[in-house]
Amino acid sequence: MARWGFAFFGSGVRFDSPDAHPTHMRRLTYYLENPFDAPSISLAELLAFSTDNLQRMSANNAGGELTARITATASALGLVQDHLTDDTGALGIRKARKQAKDDFRQNNIPGEVKRIEAGFISAFPAGSPVIQEALPHGRSVFNTCTDDTVESHLETLANAATTHSASLAPAIVTLAGTLLTEWVAIYEASEDSTGEKTTTQESLRAARENLQLMLFLNLNKLGEMFPRQPEKLSLYMQEHLLRDPASPEEPEEPEPPPVEP
């Protein structure tokens, strides 16, 4: 127990703290590393541990010493959960937009391009260079090209229809322009949702790192409250929630050899 005369007022020493007991020296930087940053901790494990830690701090805070840590942890945990919900919702939107793009390319473009080609064939004689101008790679290119080049092929077709609109049926000219516009809109929506995924994941990563920091500060606070009393930690933190049941416990640092006299 800390004794009168061995500490000064405001030092933080608690007079119900136990006396020192033998241990072994560890490198001091070890205590400034955040164990909650370990890559082996999954998001599900981190959330389970954080929720349990928050509940335990709230249930064992008779003196109010943990109030600030409870507030900070609750805020950090809520932020992670909010971004996790956003990421889950964004995933559904991405899948729907990608499916719409794939469906349009597979079901709409081949048939519409065939109609437009038929319009050119009916308006110009066989072997006319105008048809080569409209479809320089033929209709089959729309089955083999990548998504990001579909627009250029449709634009070539639409430009040819506009250039020769006087010879083509108005419906063919309109169809070529509409097909290009619709594909651009669907494709860009699909690409935008992919970009939003990156933004959402970055926000979730930042929120997670903030929660990991809050847990580290909680651990430090408990160390301040219970110096030399490691048995008190289980009242506030359940370390097994952070570990895969199949993974071994982290080995202790080896005790250094005795110093030769």
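Is Glu-188 buried, partly exposed or exposed, and what is its relative accessibility? In this predicted model, Glu-188 has a relative accessibility of 43% and therefore counts as partly exposed, a class that lies between the cut-offs of under 20% for buried and over 50% for exposed. The residue is placed in helix H6, and it belongs to a patch of negative charge on the surface, where Glu-188 gathers with Asp-148, Glu-151, Glu-155, Glu-191 and Asp-192. Two helices contribute to this negative patch, since helix H5, which covers 147-163, and helix H6, which covers 170-225, each supply at least two of its residues.

Helix H6 also takes part in the aromatic contacts of the model. A pair of aromatic rings is described by the distance of the centres and the angle of the planes. Searching the whole structure yields six aromatic pairs, and one of them joins Phe-104 to Trp-183 in a stacked arrangement, with 6.4 Å from centre to centre and 25° between the planes. The angle falls under the 30 degrees below which planes count as stacked. Along the chain the two partners are distant, for Phe-104 sits in helix H2 (residues 67-123) and Trp-183 in helix H6, 79 residues apart. As for their surroundings, Phe-104 counts as buried because its relative accessibility is 8%, and Trp-183 is likewise buried, its relative accessible area being 0%.

A further pair is formed by Phe-226 and Tyr-236, whose rings are tilted, with centres 5.7 Å apart and planes at 35° to each other. Both Phe-226 and Tyr-236 lie in the segment after H6, so this pair ties together parts that are ten residues apart in sequence. Phe-226 counts as buried at 19% relative accessibility, a value to be read against the cut-off of under 20%, while Tyr-236 is buried with a relative accessible area of 5%. Returning to Phe-104 and Trp-183, ring pairs link these two residues with Tyr-187 into a cluster.

The surface also carries a nonpolar patch, which is made by Met-25, Leu-28 and Tyr-31 and has an area of about 370 Å². Of these residues, Tyr-31 is placed in the segment before helix H1, the helix that spans 43-59. With a relative accessible area of 44%, Tyr-31 is partly exposed, and the patch to which Tyr-31 belongs is nonpolar, whereas the patch that includes Glu-188 is one of negative charge.

Note on methods. Residues are numbered from 1 along each chain as its sequence is written. This is a predicted model: local features need pLDDT of at least 70, side-chain atom pairs count only at pLDDT 80 or more; totals for chains, interfaces and linings use all residues. Side-chain values use heavy atoms; hydrogens and water are left out. Patches are made of residues with over 30% relative accessible area and no salt bridge: like charges are joined within 9 Å, nonpolar side chains (Val, Leu, Ile, Met, Phe, Trp, Tyr) within 5 Å. Accessible areas come from the Shrake-Rupley method with a 1.4 Å probe; for residues, only the protein chains shown count as cover. A salt bridge is a side-chain nitrogen of Lys or Arg within 4 Å of a carboxyl oxygen of Asp or Glu. Lys and Arg count as positive and Asp and Glu as negative; His and the chain ends are not counted. The place of a charge is taken as NZ of Lys, CZ of Arg, CG of Asp or CD of Glu. Helices (H or I, at least four residues) and strands (E, at least two) are DSSP runs, numbered from the N terminus. Buried means under 20% relative accessible area, exposed over 50%, partly exposed in between (1.4 Å probe, protein chains only). Rings of Phe, Tyr and Trp (its six-membered ring) pair if their centres lie within 6.5 Å; planes under 30 degrees apart count as stacked, over 60 as edge-to-face and the rest as tilted.
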